[in-house]
Each structure stands twice: as structure tokens, then as C-alpha cells.
Amino acid sequence: MADRSFLDWPFLTDAHRALADRLESWCAARLARFGHGEATVDADCRALVAALGEAGWLGIPVPDDGKPLDVRALCLARETLARHHGLADFALVMQGLGTAALAAFGSPAQRARILPPVREGRAIAALAMTEPQSGSDVAAVATAAVEDAGGWVLDGEKTLISNAGIADHYLVLARSDGPGTRGLSLFVAPADAPGLTVAERQQAIAPHPLGRLAFDGCRLPADALVGPRGGGFKAVMTVLDRFRPSVGAAALGFARRALDEALAWSERRPMFGTTLADMPVTQAALADMALDIDAAALLVYRAAWRADTVDGRNTREASMAKLFATEAAQRVVDAAVQMHGGSGVVLGSVVERLYREVRALRIYEGASEVQRQIVGAQTRAAFAAAPEGGTGHAHAS
């Protein structure tokens, strides 16, 4: 059992602690039966969405209409699920990412039609932003949306889209007007929309439903537009500000599991007449792993607390949490693999699986390099705004 002393931190309420306890028990009872392989990934993902919905856990990333997203609850859920099963974390968060902009900016009719089945696990959601020439640079999206005959026609390509092939709808960021961020709009496209196809299924180092979408004269009705025309960039950036701390939380889940595996292995592994755990070099590695985890957790739950309790943008804190936690988790998991020696790189071992699971977190929802740019820019802005010099960075947003 991972160290859960962080639940006593003042960032969390008793309701959050109770939620974490309930979810921990549910994970222990329900997740062991789900696989981790490419051959069953679609079926496992569908089954996980259904199970999470039936148990009510999808109400965390897809709250009831009119209720705000509880970012601390989302972080707790992602950390707990990731520690038990990476695909369960994926199944939960994609239901949120595939609906959050619609929940915040969509029409009442859109919300009433789409959100309940996603929340209940009866439908699967997806967000389609990334293109072959546009990843972290969201403003470079080129998929075209042309108003035509009382509706919209989309042409272009999306790649590396999570839930491609199993989603019931996609939130699609496309260019409806001129260059730059103000030319982007957001659309909701049903998976069976004419002209929308899954052009290719893609495989990642950790099995997830992933693919390339093709829009070839894809016709959508006028009410497919989510929020105002030209408001797509603002919508997705607002969502990412809220969800980025939870990427750090998922990384924490992987890191805590890696530390547990390293501790258990080092205590039982014979080494030079003693155990691996008794060697000073091992204890130093374990100390570094524990330090990385606690430092990351502090940043993650600070960002989540601020998102829930402080008005205004949470950009800097969210980026710091995402950046540090994902980089720290990579170090922790790598140390666990190293500690396991040869058995740590055997396909299917827990630490080998964690090594593959954790790597993508440093890339998606803004790569580490992009997060450094954001934090640097925010820190410069705080310095410029601070009276008589000094960073004043604690209040940057």
C-alpha cells in the first residue's frame, strides 16, 4: 500500500479524504481483472468506462450540469487509478477531456444530449486537437471548417487521438476563420458523421486506443458549433488549465506504485551477503524517490486547491505541477527499473509497464518544454508587476 499520509494535508477536505478511501477500496476489488495488452485494449477500455460509470466515478470528470469541476477530486481519482491500472486512469480522464469544453461553453441542448450518457459510462468521449504539424502549438491547427448550406464542412486530419475508433463523439478544434488563435472554433462531431473516418489505428509504447482521423467533406449541422465562433482556442486552453494538474496526479500514481515495487523488491533481494535494501546506495536512491514524490504531490495539490478555491487563471501553478510531477515520476520509475536489474526490463513486469506508461505524460497536454516556457513567461510577468522589484511569483496566474 502506497504512503497516503498526503491525505492529511490542508489542501484537502474531509470529503476528499472519504472519496479517496472509497475509490481505493473499489480499485482493489475491481481492477485486477482488466488486462494491459494491445490485443484487448479496446474491449478493456469500453469495459472500464462502463464500470467507472456504473460506480459513479465518471461524475468526477463529468460533473452534473451546472456543477463545477472539483479539480482536487479529479487529481485524487487519477492518482489512485493510475497507481492501480494505467488504462483505468486513461478511461476516466478522457471522458472529461472529451466533454469539459462542451460542459463549460456548449448550449443547453448539447449538454443535455451528450453529457449524461458519457457520465454514466454509456458513451465514450474524445478530444481531437493534435495534427501532424500541430501538437503543442495549438494555434497552428489547420483542419478547415467552412460554413455551408446552414451547417459546416470539415476537411483535414487529426493524429494521435485518444479513443479514436471507440469514441461515440469527438470534440474537434478546427480553423473557421483567419490565422492565429482567434480563427479557431470547436465542434462536436458524432463518430458516424458523413466524411469522418478513422484512417489508421496507431500503437503507442503503452497500449491505449489511439488513431488518426480523416475529415473529408465531413458535414455537420449548424448546432455542432460549441460556444461562439472563434472561441475554440479559449475553450480548450481553459480546459487544459483545469486538467493539467491531474496529469501530474496520474504521474504521481505511477511513481507511488514504482516506489512500492522498489521497496518490496529491495527488502527481499539478496545482495552481497545482505539485502539490496541494506546497501547505502539503495537507501540513497529510495530517499531521492520519496523526495521527488512528496515535492511533486505538493505542487499538484497546491495547483488543484488553487483551481478550486481562488478566482482567476491557474496557468502558472498548473504548468508547474504538470512539469515537475511528470519529470519526477519519470526519474522515480527509472530508478525502480534500475533497482530491479534485469528483471526490471522483462516485458510485462510491473516496473517495465510503468516505464512505458509514464513516458507519454511528459508530452501530452503540453510537453515539458512548453510548460517551461509558460512558467518562465509567467514568472517574468510577475516580476514586472511586483512593486519595487522582486518576483511576487506566488501571486502570478
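The dialogue below discusses how to read several features of a predicted model.

Reader: Where should one begin with the overall form of the protein chain, and what does its radius of gyration say?

Author: One begins with the inventory of elements: the protein chain holds eleven helices and ten strands. Its radius of gyration is 21 Å, close to the 21 Å that the globule rule gives for 397 residues, so the chain is as compact as a globular protein of that length. The C-alpha trace spans about 80 × 60 × 40 Å along its principal axes.

Reader: What share of the residues is buried, and how much accessible surface does the protein chain have?

Author: A residue counts as buried when its relative accessible area is under 20%. By that criterion, 54% of the 397 residues in the protein chain are buried. The accessible surface comes to about 16800 Å², and carbon and sulfur atoms account for 57% of it.

Reader: Among contacts between residues at least 6 apart in sequence, what percentage joins residues at least 24 apart?

Author: In this protein chain the figure is 73%.

Reader: How should one read the surroundings of a single strand, for instance β5?

Author: One considers burial and pairing together. Strand β5 covers residues 184–190, and six of its seven residues are buried, so the strand is largely enclosed by the rest of the structure. As for pairing, β5 runs antiparallel to strand β4 (residues 169–175), with seven bridges between them. In that pairing, Ala174 stands opposite Ser185 of β5. Strand β5 also pairs with strand β8 (residues 225–226), again in the antiparallel sense, over two bridges. There, Leu186 faces Val226 of β8.

Reader: How many aromatic pairs does the structure contain, and how is the geometry of Phe11 and Trp305 classified?

Author: A search of the whole structure finds five aromatic pairs. The ring centres of Phe11 and Trp305 are 6.1 Å apart and the ring planes meet at 50°, so this pair is tilted. Phe11 belongs to the segment before α1 (14–30) and Trp305 to helix α8 (residues 280–309), so the pair ties together parts that are 294 residues apart in sequence. Phe11 counts as buried at 18% relative accessibility, whereas Trp305, at 32%, counts as partly exposed.

The rings of Trp152 and Phe187 provide another case: their centres are 5.0 Å apart and their planes lie at 65°, so the pair is edge-to-face. Trp152 is in strand β3 (residues 151–162) and Phe187 in strand β5, which places the two partners 35 residues apart. Trp152 has a relative accessible area of 3% and is buried; Phe187, at 0%, is buried as well.

Reader: Which residues do ring pairs link into a cluster, and where does the charged end of Arg331 sit?

Author: The cluster consists of Phe6, Trp9 and Tyr301, linked by ring pairs. The charged end of Arg331 sits over the ring of Phe324, at 5.7 Å from the ring centre.

Reader: How should one describe the environment of His16, and is this residue buried or exposed?

Author: One combines location, burial and contacts. His16 lies in helix α1 and is buried, with a relative accessible area of 5%. Leaving aside neighbours within four places in sequence, His16 is in contact with Asp70, Arg72, Ala73 and Leu76. Of these partners, Arg72 is 56 residues away from His16 in sequence, while their C-alpha atoms are 7.4 Å apart in space.

How values were computed: Residues are numbered from 1 along each chain as its sequence is written. This is a predicted model: local features need pLDDT of at least 70, side-chain atom pairs count only at pLDDT 80 or more; totals for chains, interfaces and linings use all residues. Side-chain values use heavy atoms; hydrogens and water are left out. Buried means under 20% relative accessible area, exposed over 50%, partly exposed in between (1.4 Å probe, protein chains only). Helices (H or I, at least four residues) and strands (E, at least two) are DSSP runs, numbered from the N terminus. Two strands pair if DSSP finds at least two bridges between them. Rings of Phe, Tyr and Trp (its six-membered ring) pair if their centres lie within 6.5 Å; planes under 30 degrees apart count as stacked, over 60 as edge-to-face and the rest as tilted. A charge sits over a ring if NZ of Lys or CZ of Arg is within 6 Å of the ring centre and within 35 degrees of the ring normal. Contact means heavy atoms within 4.5 Å. The radius of gyration is taken over C-alpha atoms; the globule rule is 2.2 Å times the number of residues to the power 0.38. Accessible areas come from the Shrake-Rupley method with a 1.4 Å probe; for residues, only the protein chains shown count as cover.
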